[in-house]
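User: I am new to this entry and would like a close look at one part of it. Please pick a part, describe what surrounds it, and explain the terms as you go.

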Protein chains: 2
Amino acid sequence: MTGTTQDDYTDRYARRVRGMTTSEIRALFAVASRPEVVSLAGGSPYIAALPLDAVGEMMGRLASELGTTSLQYGIGQGTIELRERICEVMALSGIDASTGASPDDVVVTVGGQQALDLVARLFLDPGDVVLAEGPTYVGALGVFQAAQAQVRHMAMDADGLIPEALEAAIAEAGGRAKFLYTIPTFQNPAGVTLTDERRERILDICERHRLLVIEDDPYGTLSFEGEAPRPLRARRRDGILYLSTFSKTFAPGLRVGWILAPHAVREKLVMASEANILCPSAFAQGAVTQYLSTMPWRQQIKTYREVYRERRDALLDALADLMPAGTTWTRPGGGLFVWATLPEGLDSKAMMPRAIAARVAYVPGTGFYADGTGGGNMRLNFSFPPPSRIREGVRRLAGVMEQELAMRAVFGPTTPHRRRGPAAADAPGPDLA
Amino acid sequence: MTGTTQDDYTDRYARRVRGMTTSEIRALFAVASRPEVVSLAGGSPYIAALPLDAVGEMMGRLASELGTTSLQYGIGQGTIELRERICEVMALSGIDASTGASPDDVVVTVGGQQALDLVARLFLDPGDVVLAEGPTYVGALGVFQAAQAQVRHMAMDADGLIPEALEAAIAEAGGRAKFLYTIPTFQNPAGVTLTDERRERILDICERHRLLVIEDDPYGTLSFEGEAPRPLRARRRDGILYLSTFSKTFAPGLRVGWILAPHAVREKLVMASEANILCPSAFAQGAVTQYLSTMPWRQQIKTYREVYRERRDALLDALADLMPAGTTWTRPGGGLFVWATLPEGLDSKAMMPRAIAARVAYVPGTGFYADGTGGGNMRLNFSFPPPSRIREGVRRLAGVMEQELAMRAVFGPTTPHRRRGPAAADAPGPDLA
């Protein structure tokens, strides 16, 4: 037989695929999902806090009573019922009719990830530059890399993205910057929030340079201390695509997110989405619509806030009590993540196998940079494990770090992990969103 | 304010977006969904034939008893439970372990559409050539166009794709052909099926030229007269990506499809899918898994076969009784569609507004060609409307055609509709899959 063999496709892949390889990190994360491992690596909401019996009853009726619609094809943009509810959700954050938000300009997506992918399809040619916080969301890096774009990271501090760093990056990109990708509130992975004052400055800079803003806001409602600063989109109506998702406030297993876009862009987003997935799931949309129509979803967000605040406190306390000297970390006012900086000389990626052996997992900082930096950092999640497990995880992690530091004191610094090109090689997989 | 306005993004879109415009056809189809219109345009299964109460009970339990998994993130490839069930479904068509099919090489997708999109991402660079039947699936044309590939159509007859046409197209492409995209069984839109003998010849030609085969098989199990010829993938294990979906045999509203791919390709498909959607819906996957585990799905396929056979017969009878002389059509042995060829001089696209005014809808043939041809054809669906509505629809359609022919007899042939470049401009939208 002259047919092709299973390893014989290399010369036929598209250019964007070359360099797409599985990483050793992925294999490690497969182990990290075992129950004996305390995973501080994930980005999963605590689904057990949902009223599952009531959700089940709702899902059952959605199929039995509304099945001829909910199990059928729908339109590419998403149902008008859900888009109206989404506008109610956005109004909580100040994105309302007074800012030009309308159900007609909402596109329902397969979670926040497809939203990002559609943005990339619409705006990115190979070689284009994307400006993004450093570190930034690993899934966004995967999208930008697949689009063959170049990511330029900009520094943050405790007040979020530094406006001067944005100015400098725009100047350096010399007109090739297609957009700013930013997670202003409870940033993933850094856990910091852009202040009100900086929001205005960032917006002014983007307007002045006519730079499109992609505002990714999955966590904005999950505030632990009062309300978060209003989203960028609540402050300006033009030049911003606003992305969010129900994955953190309801259920990621339904894969329902959305984009609020300027009208001309919205039309093209719908066409791009149809070419990608034909239409979002009518059943998943019906489930979210019913949830938002018949269940106490505002109260549920409060419940999540309380659960996550307690877990954040458990994580911060454990870090303060147990981490070796020289370790620092952010103090998120909401969201799911803490970003830790290791003592000089420790490499979070090189340390991963030993951490897994000690039954604790995290995401090495390298996953959140397109340029291979971040080896001195790690992302720690506090939304999924209960407080006692969080403390136990930090205890194990501190033990591993102490051992590393002891080895280093004896044998000198470990060889720094070589810098890698494509960030997606470090992508930890979807259970770590 | 110096910010951008809503119509001011033209200079910032990616190259692939230029020329992406909404068409007048889309606006017409919005009207076609009104209840007074008999739509022969759709591609929707007859969901009312499902045991919706039992499905609802199953969905309810999936959320209430298994919610902490079914509402959570999952892995990018899809659950092992569903992939095992998918292998059972494929085994019905002869794609089984003896042909190398394994759950490990299955990737769960967001319906058949994402499966096509992932294939395009992996294999198509701008300027690449795709060989496809003419006419072919409108959603595939949308994907290939978005990938900036060129589609070369090859002729079919009542026995499906003509092998000599494939040979000629390969020669003409001169090495630029990336793959053959084919729907061998109950083709959409043509309704024809590739014979056993031609399947072997087509496979031999592709092997000889080392041409990858994308076999799209959404309808293969929906046979009205015995079993359909075995899929291409059941005949060869190498060089074929096999795509299918639960949209036609269970429920399109869940958006669950799959790809069976050679192992090296499968790994890259998973990474591409993660960049696109992170992971397929755990809830939708759970629903399909439960459906295939606990409900009589084989019997349900038989039910669909019987319902659709009766409706196909109703459509064929109505066409024979009512169509003007000079109209011809295919006689599908399964699936959802009949392809009609109009009497000389009629233009299916130009006729659409008058058909909608007469309360009947179809898809003009131009939607199924990348090169603007197909104006003399239309696709007629028989899976969704009941037999009496089908006959009424054909009666209305015949009336419109008779009027057109009378006008033509008086005023001469209408100006042929100008040929259009991008086929996606004619894409009728997702409810017409």
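Analyst: The answer below starts from helix 13 of chain B and then moves on to other parts.

The model is predicted, with pLDDT of at least 70 required for local features and 80 or more for side-chain atom pairs, while totals for chains, interfaces and linings use all residues. Residues are numbered from 1 along each chain as written, chains are lettered from A and ligands numbered from 1 in written order, and side-chain values use heavy atoms without hydrogens or water.

Helix 13 of chain B covers residues 387-411 (helices are DSSP runs of H or I with at least four residues, strands are runs of E with at least two, both numbered from the N terminus). Helix 11 of chain B, residues 297-322, packs on helix 13 of chain B at an angle of about 25 degrees, and the two axes are 9 Å apart (axes are lines fitted to C-alpha atoms, for helices over the stretch in contact, with angles from 0 to 180 degrees between N-to-C directions). Helix 11 and helix 13 of chain B are therefore roughly parallel to each other (under 35 degrees is roughly parallel, over 145 roughly antiparallel, 65 to 115 roughly perpendicular, the rest oblique). The crossing of these two helices of chain B is right-handed (the near helix is turned clockwise from the far one by less than a right angle; anticlockwise would be left-handed). From helix 11 of chain B the contact takes in residues including B:Glu310, B:Arg311, B:Ala314 and B:Leu315 (contact means heavy atoms within 4.5 Å). On the side of helix 13 of chain B, the contact is made by B:Pro387, B:Ile390, B:Arg391, B:Val394, B:Arg395 and B:Ala398. Sorted by class, this contact between helix 11 and helix 13 of chain B has nine nonpolar, no polar and six charged residues (Ala, Val, Leu, Ile, Met, Phe, Trp, Tyr, Cys and Pro are nonpolar, Asp, Glu, Lys and Arg charged, the others, with Gly, polar).

Helix 13 of chain B also meets helix 12 of chain B, residues 348-357: their axes come within 10 Å and cross at roughly 125 degrees. That angle makes helix 12 of chain B oblique to helix 13 of chain B. Helix 12 of chain B passes helix 13 of chain B in a right-handed crossing. Here helix 12 of chain B contributes B:Met351, B:Arg354 and B:Ala355, and helix 13 of chain B contributes B:Leu397, B:Val400, B:Met401 and B:Glu404. Five of the residues in this contact of helix 12 with helix 13 of chain B are nonpolar, none polar and two charged.

Chain B also has a partner, chain A. A turn of 180 degrees with a shift of 0.0 Å along the axis lays chain B on chain A with an RMSD of 0.0 Å (superposed by least squares on C-alpha atoms of residues with pLDDT of at least 70 in both copies). That is the relation of a two-fold axis. In chain B, the residue closest to the rotation axis is B:Gly60, at 2.1 Å by its C-alpha. Between the chains, 99 residues of chain B are in contact with 99 residues of chain A. The copies meet through the same surface, because 100% of the interface residues of chain B are also interface residues in chain A. About 8,200 Å² is buried between chain B and chain A, and carbon and sulfur atoms give 58% of that area (accessible area, 1.4 Å probe, lost when two parts are put together, summed over both). B:Leu71, B:Tyr73 and B:Arg210 supply 10% of the area that chain B buries against chain A, more than any other three residues.

One more local feature concerns the backbone. The peptide bond from B:Asn188 to B:Pro189 is cis, with omega near 10 degrees. B:Pro189 sits in the loop between strand 6 (177-182) and helix 8 (196-208) of chain B. In chain A, the bond from A:Asn188 to A:Pro189 is cis as well, with omega near 10 degrees. A:Phe186, in the loop between strand 6 and helix 8 of chain A, has a phi near 50 degrees, a positive value in a residue other than glycine.
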